[in-house]
Amino acid sequence: MFKNYLKIASRNLIKKKGYSFLNIGGLTIGMACSILILLWVRNESSYDAFHENADEKFRLTAQANADFKAAVSPVGMVLGLGEEMPEIKESLLLSKPFDALMEVQGTKFKENAVFYASDNFLQFFNYPLLEGDPNTALVAPNGIVITESTAEKYFDKNNAMGQYITIDNGDSFMVTGILKSLPSNSHLQFKAVLPMAYIANRDQDLIDKVWNSFDFYGYFQFEKEAVQSPEAFARTIEKINTIYAKRQPDFEIKFDLQAIKDIHLHSSNLQIDVPGHGNSLYVNLFLIVAFVILIVACINYMNLATAKSSKRAKEVGLRKVVGAGRHQLILQFLGESLIISFLSLALATILVYLLLPSFNDLTQKVLSPQFNDPFIVVSMLAMAIVTGILSGSYPALFLSGFKPVRALKGKLIFSKYNQFFRNGLVISQFAISVLLLIGTMVIYDQVNYIRDKNLGFDKSNLIYIPMEGEMFDKQEALKSALTQNKLTSDFSIISDIPANLVTGDFNVSWEGKDPNLQVLFPSIRSDERFLEVFQMQLLSGSNFSKTSFENHDYLVNETTVKTMGLTPEQAIGKNLRFRGNSGTILGVVKDFNFKPLQHAMEPLIIQHHKGGRYAVVKIAPNTIKPTIAALEEIYGRLNPAYPLTYNFMDAHLDAQYKGEQQMGAVFNVFALLAIFISCLGLYGLSAYMAEQRFKEIGIRKVLGASSLKLLHMLSKDYLKLILAAFVLALPIAWYIMDLWLQEFAYHIEIQWWMFASAGFILLVVALSTVSFQSMKASMANPIKSLRTE
Amino acid sequence: MLLELKNIFKWVQSGGQRVFLLKDINLQVQEGEFISIMGPSGSGKSTLLHVLGMLDGFNEGEYHFLEGDVHGLKEKQRVKLYKEYIGFVFQSYHLLDELTVYENLEMPLIYKNIKGAERKAMVADSLDKFNIVGKKDLFPSQLSGGQQQLVGVARALIANPKLILADEPTGNLNSQQSTEIMELFQQLNQEGVTIIQVTHSEKNAAYGSRTINLLDGRMI
């Protein structure tokens, strides 16, 4: 019996090529999209699961107030907590990532992402070693563990162990371990790891084992019992907070534990974190998109199958007459849709292979088609089965219910219900399309808004150069060299780039400060040209003078003044204690963004300082090349050991929103595909509708209707559906997009024109899809349609 | 007795009024009969045939088939009954275009859950009997009308039914093809198959042993 079904199904497929193409094409594209998203989601949610006992390992996070939560902890706490809490099996201290200039026999490269880590790093995290002993590799203060690719860059492949690498033109480190290429699904990505022992005697935090300065990452492995149940977990966190409160009664910090498996997707609210995190919001969003695309493809199938049901009515009637029971027919039609869905799955798998490289480019991932992953395989099979049954169920139930006599006579009257159902399907397809279109527009607009937002300073034509090596001690020489050259004379020396500021102090006080107020004050140190070079606006007071450093003069931003409860004018001359230094507020700067736009504006204190860690040069228009040449010359002269590294401020700022931009691009692609699939279905549907009304059109034409009138008549029905879909989609779109926008402290408002243009685009696309068929039907010679009767 | 209809009424509701399709039909059919149903268009011939074939229900009356009550049966049991005992032949043949002659013949056997090997033998027998062995791999569209109806008759007979119901079996055929089909029916009747046909033509009716005339749903 099954063979018979297979035969009928395959012959139907071959005979009705156009129909099959629309169906299989739609399903294939839909499934390919879903598989790609599935691979991506699988990768995103697999972060750090490869570590042994990953469920027992956590990162300590600290929350200062409702707006400020950070991934860092104090050194003393990370090292000392284990002594007071026997349930801690293992503690790991990790520094913030930094850039290092590595040198091996004259080969010099600037390597970003290097960490200092305590000696149990390779036991705590299970990054597999190619060579070396995980227990001892990071014990000696002059050891270094590098990754496979770093090793290949500096040494012959096989003899890197025991060789020396000079770092920052200073000390040499001996390679004590070589790591296999890091799994891409690790939240820590690095080129090399240095032993914490190396800075144990240099870093003030480490020497003093401080509990009040938050500059390191702390990881802990707990006894299973301490973290397994939610109650025990809550008790453990409570215990940590109690210990800290006892130790630092004047600081009100709330600590929390973050499972290492959650770090990648659930860190978007954490500041001062390692770069490269994902966002659970996007994972959920894309899962929904994958689901929606599949639904759209299923709807295509259902629609086309029911639309052409009149053609299959005869077959149904006949099969019933020769003895087919209803369940046998249901099985047959379900079987057919299952064959189509599995065929589509096979084609989709091929498509995934072909598209994966481009998809990887788009998402900046290294996904591979993991068809040996049982989860992926089972999901794919489930997808084909569910798609097949879902899309086949309505046609199966509908067709198998035909009364045989009527079906054979071709006297089928299609019920209002059937019409209603089909309209419902088309409306949901259109609604999904409107939804995705609006989503595309909002995301595009928001990403543009972020890029173009007035940050409160002029980010264009700014080049910044980090001070490295000898440059720190030659800042006066650098300043005079920069001043002497006309191209580089417009410059400022600052401590931090106002892009993603990671500084912050609670140690700020002023007269009349509420003692319970716990606000974090980020700060920047700069020379007196900072405001000028960045073209920031002074609201009141004056800029730094030459003597501001000695006088502890401060510039503050508007938000600081607001926090103090003053107006910009009142604040001038007020006393401010910052890090134990009492000084006066010299001027108030208009608020400018020094953190990514996800974060709301925070107070900022600008200290005067002669030196800094960056030189920022404002380039005159059209002099980029000669300016860079001039910088290279100056830099090479003053700091020959280092190659010049320079960055453009605007590019650096844009790069902060790479995640959002990628997400937007991926979303665009999937939205377009979903709309394309909908159009495929609509095209097929309109063809059948026009065919069904062929005779009616003929009669109307004979009676004098013009082609234009007929076109109008045929398109009118779709117009109503589009309108209904539009109305349906509006509130959903508004809700979802608003949710996304809330991620940003600075965001656009959803505008009516986004809805209007989404509706308009859909209208144009849908009507042009439909009108091709309508046109064909309305232009046809009426005699033809009437003669067939 | 093969079947008996007692006081069968069938109507449809139209504009608040009952329109009678069948009125008080009483009919007894013995095994081995060859009955022709005649009457003008709209007299209820096809409706009667469909009621006899259990494809259509009725509103009042009793229907006994092989001493069993049809009117009390559920659809599933009715399907089982006609699958077993009744074969249909249609005016427009109603072969499945996507299946070959062989596969069209095989279809009723599949629905009767007959095993593959046995099915093969039965289809081969049938092809042999109707002299269409050479056409077994052709599709319906590759056959003439007469040949298609021959396949239709063969398909109706393949499961050895007791009763053949034919709805204007020669309506789409030319006179020579008509004669061939009617002679085939006569021969089958002589072999013991009961046949009830609906026809417009006196000539075809003459092949039967008895003629029933219908007018406005009533037997006259």
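Here are five short exercises, with worked solutions, on a predicted model with chains A and B.

**Exercise 1. In what order do the 4 strands of the open sheet in chain B stand, and which strands are at its edges?**

Solution. Start with the order, which reads E2-E1-E4-E5 in chain B, with antiparallel pairing. Next, look at the two ends of that list: strand E2 (17–29) and strand E5 (68–69) of chain B each have a single partner strand, so one side of each is left without a neighbour in the sheet. Now turn to one pair. Strand E1 (residues 3–14) of chain B joins E2(B) in the antiparallel sense over 9 bridges, and Ile8(B) has Ile25(B) in E2(B) as its bridge partner. Finally, add the helix: H1 (residues 45–52) of chain B packs on the sheet and touches E1 and E2 of chain B, its direction making about 60° with that of E2(B).

**Exercise 2. Which way do the residues of strand E11 of chain A point, and are they buried or exposed?**

Solution. Begin with the strand itself, which covers residues 192–195 of chain A. Ala192(A) and Leu194(A) point one way, Val193(A) and Pro195(A) point the other way, and all are buried. This fits a general pattern: in a regular strand, side chains alternate between the two faces of the sheet. Then find the partners. Strand E6 (residues 107–117) of chain A pairs with E11(A) in the parallel sense over 4 bridges, and Ala117(A) has Pro195(A) as its bridge partner in E11(A). Strand E8 (residues 143–147) of chain A pairs with E11(A) in the antiparallel sense over 2 bridges; here Val145(A) stands opposite Val193(A).

**Exercise 3. Is Ala259(A) buried, exposed or partly exposed, and why?**

Solution. First place the residue: Ala259(A) lies in strand E13 (residues 254–259) of chain A. Now count its surroundings. Ala259(A) has 16 other C-beta atoms within 10 Å, so this residue is partly exposed. The cut-offs make this clear, because a buried residue needs 20 or more such atoms and an exposed one has 12 or fewer. As a last step, look along the chain: Lys57(A) is 202 residues apart from Ala259(A), yet their C-alpha atoms are separated by 6.1 Å.

**Exercise 4. Which residues have the most contacts inside the largest nonpolar core, and which helix gives the most to this core?**

Solution. The largest nonpolar core has 151 residues, and those with the most contacts inside it are Ile293(A), Phe430(A), Val434(A), Ile438(A) and Ala674(A). Helix H10 (residues 280–307) of chain A gives the most, with 16 residues. Take Ile293(A) as an example: leaving aside residues up to four places away in sequence, its contacts include Cys33(A), Phe670(A) and Ala674(A). There is also a second, separate core of 59 residues, with Phe121(A), Leu122(A), Met196(A) and Ile263(A) among them. For an annotation to compare, UniProt (unreviewed entry) places a transmembrane region at residues 281–302 of chain A, among others. That span is 100% helix and 0% strand, and its end C-alpha atoms lie 31 Å apart.

**Exercise 5. How many residues does each chain bring to the contact between A and B?**

Solution. Chain B brings 18 residues and chain A brings 19 residues. On the side of chain B that touches chain A, helix H2 (75–85) and helix H3 (101–111) of chain B each supply at least two residues. H3(B) gives the most, with 5 residues. Sorted by class, this side of chain B has 10 nonpolar, 2 polar and 6 charged residues.

Definitions and conventions. Residues numbered from 1 in each chain as written. Chains lettered and ligands numbered in written order. Predicted model: local features only at pLDDT ≥ 70, side-chain atom pairs only at ≥ 80, totals over all residues. Pairing = 2+ DSSP bridges. Contact = placed C-beta atoms within 7 Å. Axes fitted to C-alpha atoms, helices over the stretch in contact; angles between N-to-C directions. UniProt positions renumbered as here; feature names shortened; annotations may be inferred. Core = buried A, V, L, I, M, F, W, Y, C linked by C-beta atoms within 7 Å. Nonpolar A, V, L, I, M, F, W, Y, C, P; charged D, E, K, R; others polar.
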